[in-house]
Amino acid sequence: MALSLYWPSWRHLPRDARDTLFLLCVIAWTVLPHVSHLPLWCSFLTAAVLLWRTRMALANAALPSRWVVVGVLILAAGLTLWSFRTLLGREPGITMAVVLMALKTLELRARRDAFVVFFLGFFIILTHFLYSQSLPVAVAMLVSVWGLLTALVLAHMPVGQPGLRQASALAARTALLGAPIMALMFVLFPRIGPLWGVPQDGVLSTGLSNSMRMGSVAQIAQDDSIALRVRFLGRVPPPQALYFRGPVLSRFDGREWRPRATEPWVDRRDAALRVRGDPVRYEMTLEPLRVAVLPLIEASATTPELEGYRATARDDLQWTTDRPVFERLRLEASAYTDFRYGPLRPVVALQDDLELPPDYNPRTLAWAAALRRDPRFARADVRALADAVLAHIRSAGFSYTMAPGLYGEDDPHNAIDEFWLDRKLGFCEHFAAAFVVVMRAMDVPARVVTGYQGADRLPVDGYYVVRQSAAHAWAEYWQAGVGWVRADPTAAVAPDRILRSRTLAPTPGLMAGALGTMSPEMLAQLRSAWEALNNRWNQWVMNYSRGQQLDLLKNLGFKSPSWEDLSLLLISALSSLALGGAAWAWWDRRRVDPWVRQMERLRRALHALGIQAAPHDAPRTLATRVRATLGATADALVDMLYTVDRQRYSRVAASRPDATLTRHFVATARHLLRAR
């Protein structure tokens, strides 16, 4: 084993100490991913117990009395109750299971105690998937299963000094024999939503929300994790057309933007979506968002089919779900990137998009009033006013930055005044909010839209990646005869952000920063390779759904597959595997070990020479008997019997008997018989 290279005395440890140390290492590896979820005292207590048990194994010391173990258990139960105010539930239950497994190692007096530790370990492996179902966790738990199976094999080999390599190989072969059943259950077992959903702890820590403050989108953009992946089924639209529409925010209280409490009534014939050109068809894999919004490409016109969710299109082009999205979703949709929508004539609902809180940002309101009184815009339409505001952003010295600092810290009533007229440093939400306030001050209905804009320039595994760093806010204003018109003030101050999807890079971590400094290309390649692998895990494993199960039945010839067909196929497959396993077990019971067959042939040859050979006689014993009976004439037979003994029982034993030696032994015995 490689362990002996770093610890030469490993091979000389007593069998019990070696097996105990191996089991303790497996337990530590299994518990390690839970450290971030467990109370601090539980991690320290578990580590202390495992180190204590390690010291006892190395020193061959006696195990502690049961009263010591019971006392520690009572202490752990009290600390659990103090930490969670209950002993029931996920976190308390996992905490107590980890403590029980660690304490059980102090009672490893019999094989029965070891089995309790093994099964507690398998249970704790399952609990990891209540927190995360990611690929790294799955690989780590696969190693834990292998380690526990190896320890289980060692527990069933109480005699001798079996090597860890031999036990681990047997454990791996046993696991591989069960792999077909595991794959069959994965493919055909009915999908039950709560069991196969992404754990809530796997939900993105940052992301879109139903509100926006100045600085909130910049906080999201600091996160470089993946928000969604999109694969286009045909032509790929340019970056400036990739607006993934999220919450639409119309209500402004001076500090925070929020959506309307209820969707206003409008004449749907007047507000219908008006499109030009062919739609863009795409497939999207959406990470959990925590909000009841689907950030689809503007303007998606087809209702996506979602398992367990009901998607609804609002009049403001926002797609919502009947409950917040706490699991990974996969959907197909089509979008028209050249569109118009909204009422063509003034309606009562537009009044909500004109409201401004009183006594907020007086200087910005005065600036907007001055612009409206300018003779150049005395008879200007809404489009000309919007262009004038965007031109001011381009020419007035504004800067696009992810860290503009806090606005309105001294006086919240003047936050936009401070941005628009003084500091002029902002991220997308600063420009969008200020643009909407200015347009409303000029009596033009306007609102803020949040979502994502753009994607990574190169696809990964066929999917364009949209990160949280692509979080964006833009504006819409209403124009009579046209409807709602998108206006993105960020494009005026940072055109590359929209035209080429060049987002501001968040500060990298220590490792990523060091690697990026040495080799940016290597860092990009490593990230792309990992994201491609992770995407396949998500597509093939995490997103395997009930719909795909029914599609599989259609491919197998079922015309109208149902759950009854799926259950019948699963039962039939499991029954066939069970019958196959029973047949193999029947055949295996009648299979004769090759070494036994060889010794049987050798004994028959010796019986023909008049030499007694019992089934329990070892080759070395038979060699002594042959020499005593036949003398020097049988030296060749004696040498071959000693060779068989070495091949089977020495430290360098062969895996199978030497068939050539067996034939040569039988031929030599026949020659001696004829000579006699």
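Is Ser 43 buried or exposed? Ser 43 counts as buried because its relative accessible area is 18%, and the cut-off for buried is under 20%. That makes a handy way into this structure, which is a predicted model.

**The chain as a whole**

Let's step back for a moment. The chain has 676 residues, and 46% of them count as buried. Along it you'll find 24 helices and 19 strands. If you take the contacts with a separation of 6 or more, residues 24 or more positions apart account for 73% of them.

**Helix α3 and its surroundings**

Back to Ser 43, which sits in helix α3. Setting aside neighbours within four places in sequence, Ser 43 is in contact with Val 35 and Leu 38.

The helix itself runs over residues 40-59. With 20 residues at 1.5 Å each, α3 should span 28 Å, and its end C-alpha atoms are 29 Å apart, so the two agree. Ser 43 has buried company in α3, including Trp 41, Cys 42, Leu 45 and Thr 46. Further along, Val 49, Leu 50, Arg 53, Met 56 and Ala 57 are buried too. An α-helix has 3.6 residues a turn, so residues three or four places apart point the same way.

What lies over those buried residues? The cover includes α2 (15-31), α4 (66-84) and α5 (90-104).

Before α3 comes a loop from α2, and His 34 lies in it. His 34 counts as buried because its relative accessibility is 0%. Not counting residues up to four places away in sequence, His 34 touches Ile 94, Ile 124, Thr 127, His 128 and Tyr 131.

On the other side of α3, the loop to α4 holds Asn 60. Asn 60 comes just after α3 and takes a positive phi of about 55°. With 69% relative accessibility, Asn 60 counts as exposed. Asn 60 and Asp 16 are 44 residues apart along the chain, yet their C-alpha atoms are separated by 9.2 Å.

**Two helices that cross**

Two packed helices are described by the angle between their axes and the distance between the axes. Take helix α7 (residues 135-155) and helix α8 (residues 164-188): their axes come within 8 Å and cross at roughly 115°. The crossing of α7 past α8 is right-handed. On the α7 side, Trp 146, Leu 149, Thr 150, Val 153 and Leu 154 make the contact. From α8 come Leu 164, Ala 167, Ser 168, Leu 170, Ala 171, Ala 172 and Ala 175. Sorted by type, the residues of this contact are 10 nonpolar and two polar, with no charged ones.

**The nonpolar cores**

Which residues touch the most other members of the largest nonpolar core? They are Met 439 and Tyr 477, in a core of 82 residues. Helix α14 (residues 428-441) supplies the largest share of this core, with 10 residues. Met 439 is in contact with Val 382, Ala 386, Val 389, Val 444, Ala 446 and Tyr 477, once its neighbours within four places in sequence are left aside.

There is also a second, separate core, made of 47 residues. Among them are Leu 23, Cys 42, Leu 106 and Ala 140. Cys 42 is one of the buried residues of α3 that came up earlier.

**Backbone oddities in the loops**

A few loop residues are worth a look for their backbone angles. Asp 443 has a positive phi although it isn't a glycine, and so does Asp 461. Here they are together with Asn 60.

| Residue | Phi | Loop | Relative accessibility |
|---|---|---|---|
| Asn 60 | about 55° | between α3 and α4 | 69%, exposed |
| Asp 443 | near 65° | between α14 and β16 (446-453) | 58%, exposed |
| Asp 461 | about 60° | between β16 and β17 (464-467) | 31%, partly exposed |

Where is the cis peptide bond that involves Ala 299? This bond joins Glu 298 and Ala 299, with omega at about -10°. Ala 299 is in the loop between β9 (296-297) and β10 (311-313).

Note on methods:
Residues are numbered from 1 along each chain as its sequence is written. This is a predicted model: local features need pLDDT of at least 70, side-chain atom pairs count only at pLDDT 80 or more; totals for chains, interfaces and linings use all residues. Side-chain values use heavy atoms; hydrogens and water are left out. Helices (H or I, at least four residues) and strands (E, at least two) are DSSP runs, numbered from the N terminus. The expected span of a helix is 1.5 Å times one less than its number of residues. Buried means under 20% relative accessible area, exposed over 50%, partly exposed in between (1.4 Å probe, protein chains only). Contact means heavy atoms within 4.5 Å. Axes are lines fitted to C-alpha atoms, for helices over the stretch in contact, and angles run from 0 to 180 degrees between N-to-C directions. A crossing is left-handed if the near helix is turned anticlockwise from the far one by less than a right angle, and right-handed if clockwise. Ala, Val, Leu, Ile, Met, Phe, Trp, Tyr, Cys and Pro count as nonpolar, Asp, Glu, Lys and Arg as charged, and the others, Gly among them, as polar. A nonpolar core is a set of buried Ala, Val, Leu, Ile, Met, Phe, Trp, Tyr and Cys residues joined through side-chain atoms within 4.5 Å.
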